[in-house]
Amino acid sequence: MSETFHPTARSKARRKPDRAAYDEASVYAILDSAVLCHVGYVLDGEPFVTPTTFWREGRKLYWHGSAASRMIRAQGSGLPVCVTVTHMDGLVLARSGLAHSMNYRSVMAFGTARMVEGLEARRAAMSAFIDRLYPNRSAELRPALDSEIKQIGLVEMTIDEASAKVRAGGVNRLAEDEAWSAWSGVIPITTMVGPRQADAVQSAGAQPSPSLALYLDGARLDAVLTASARP
């Protein structure tokens, strides 16, 4: 049975609360179908939002960057952060401007970030990231050198609070719009996987490894990421 994140004033949806959900299943479904997030935090009194790739293990989120990055060092020092993920699923067109909308799935997750210390912990986490995107691919790759791992700054955050918000469906029809002839409806938006492009030197003529089996030409990226997410 799915656990629930208990919202407070900072995470509770106030506008369109009927679109919000706070259970783990709803939150994780949106997080696990994405690979890009935005991390918001305050540093030296100034607000910053950093786009980065991320992955989830249980209630923990991970992201990484250069060990020399000021932003990574600051985030990992114990800053409170807000991590957001958004999928744009469609444009909703009505007969009046104010009735236009978008179909979307989004999550806001709050917690305190900290740096992951130790070479082996960082090595294991980076292998988990590779395997989260491409199942079992880390076993196919050259093991990372210690010198390479030392260049990585790895941050983790336990989710303290989280809220999901979803808008799906058609047009909000208003009585005042009935006399107008402007087209109304939904334009679906998806991100699709394209055909593989092998490296002309290292992989010319080679067949893709089994870890890439989910990445079929024409597959929806969010569906691929969901399928490749760890249980």
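**A hairpin turn, a buried helix face and a salt-bridge network**

Aspartate 44 sits in the loop between β2 and β3. The model discussed here is a predicted one, and this loop makes a convenient place to enter it. The two strands form a hairpin with 2 residues between them. Phi of aspartate 44 is near 55°, a positive value in a residue other than glycine. That is worth a second look because most residues other than glycine have a negative phi. With a relative accessibility of 66%, aspartate 44 counts as exposed, since the threshold for that class is over 50%.

On either side of the turn, strand β2 (residues 36–43) and strand β3 (residues 46–57) run antiparallel and are joined by 8 bridges. Leucine 43 faces glutamate 46 of β3 across the pairing. Strand β2 also has a second partner, β5, to which 3 bridges join it, again in an antiparallel arrangement. In that pairing, histidine 38 stands opposite threonine 84 of β5.

A positive phi also turns up at lysine 16, where the angle is about 55° although the residue is not a glycine. Lysine 16 belongs to the segment before β1. Its relative accessibility of 34% makes lysine 16 partly exposed.

Serine 11 lies in the segment before β1 (20–21) as well. How accessible is serine 11? Its relative accessibility is 3%, so serine 11 counts as buried. Two polar partners can be picked out around its side chain. A polar atom of that side chain lies 3.1 Å from the backbone nitrogen of threonine 8. The side chain of serine 11 also makes a polar contact of 2.5 Å with the side chain of glutamate 161. Once neighbours within four places in sequence are set aside, the residues in contact with serine 11 are Tyr22, Phe110, Glu161 and Ser163.

Phe110 reappears in the surroundings of threonine 158, which touches Arg59, Lys60, Phe110, Gly111 and Thr112 when residues up to four places away in sequence are not counted. Threonine 158 is part of strand β7 (residues 152–158). With a relative accessible area of 36%, threonine 158 is partly exposed. Its C-alpha is 16 Å from that of alanine 25, a residue 133 positions away in sequence.

Attention now turns to helix α5 (residues 221–228), in which Asp222, Val224, Leu225 and Ser228 are buried. Because these residues cover an arc of only 160° around the axis, they lie on the same side of α5. This fits a simple piece of helix geometry: an α-helix has 3.6 residues a turn, so residues three or four places apart point the same way. What do the buried residues of α5 pack against? Their packing partners are α1 (24–32), β5 (80–93), β6 (101–115) and α3 (119–133).

One of these buried residues, aspartate 222, also takes part in charged pairing. Side chains of opposite charge can pair when their charged atoms come close. Aspartate 222 forms a salt bridge with arginine 105, with 2.9 Å between the closest N and O atoms. Aspartate 222 lies in helix α5 and arginine 105 in strand β6, so this pair ties together parts that are 117 residues apart in sequence. Both partners are buried; for aspartate 222 the relative accessible area is 13%, which falls within the class because buried means under 20%.

Aspartate 222 meets a further partner in arginine 220, through a salt bridge of 2.7 Å from N to O. Arginine 220 is partly exposed, at 36% relative accessibility. These pairs are part of a wider arrangement, as Asp89, Arg105, Arg220 and Asp222 are linked in a network of salt bridges.

Across the whole structure, the search finds 13 salt bridges. Another pair brings together the side chains of arginine 137 and glutamate 140, at 3.3 Å from N to O. Arginine 137 is partly exposed, with a relative accessibility of 24%, and glutamate 140 is partly exposed too, at 37%.

Terms used
Residues are numbered from 1 along each chain as its sequence is written. This is a predicted model: local features need pLDDT of at least 70, side-chain atom pairs count only at pLDDT 80 or more; totals for chains, interfaces and linings use all residues. Side-chain values use heavy atoms; hydrogens and water are left out. Buried means under 20% relative accessible area, exposed over 50%, partly exposed in between (1.4 Å probe, protein chains only). Helices (H or I, at least four residues) and strands (E, at least two) are DSSP runs, numbered from the N terminus. The arc is that of the directions from the helix axis to the C-beta atoms. Contact means heavy atoms within 4.5 Å. Two strands pair if DSSP finds at least two bridges between them. A polar contact is a pair of N or O atoms within 3.5 Å; within protein, one must be able to donate a hydrogen and the other to accept it, and residues adjacent in sequence count only if both atoms are side-chain atoms. A salt bridge is a side-chain nitrogen of Lys or Arg within 4 Å of a carboxyl oxygen of Asp or Glu.
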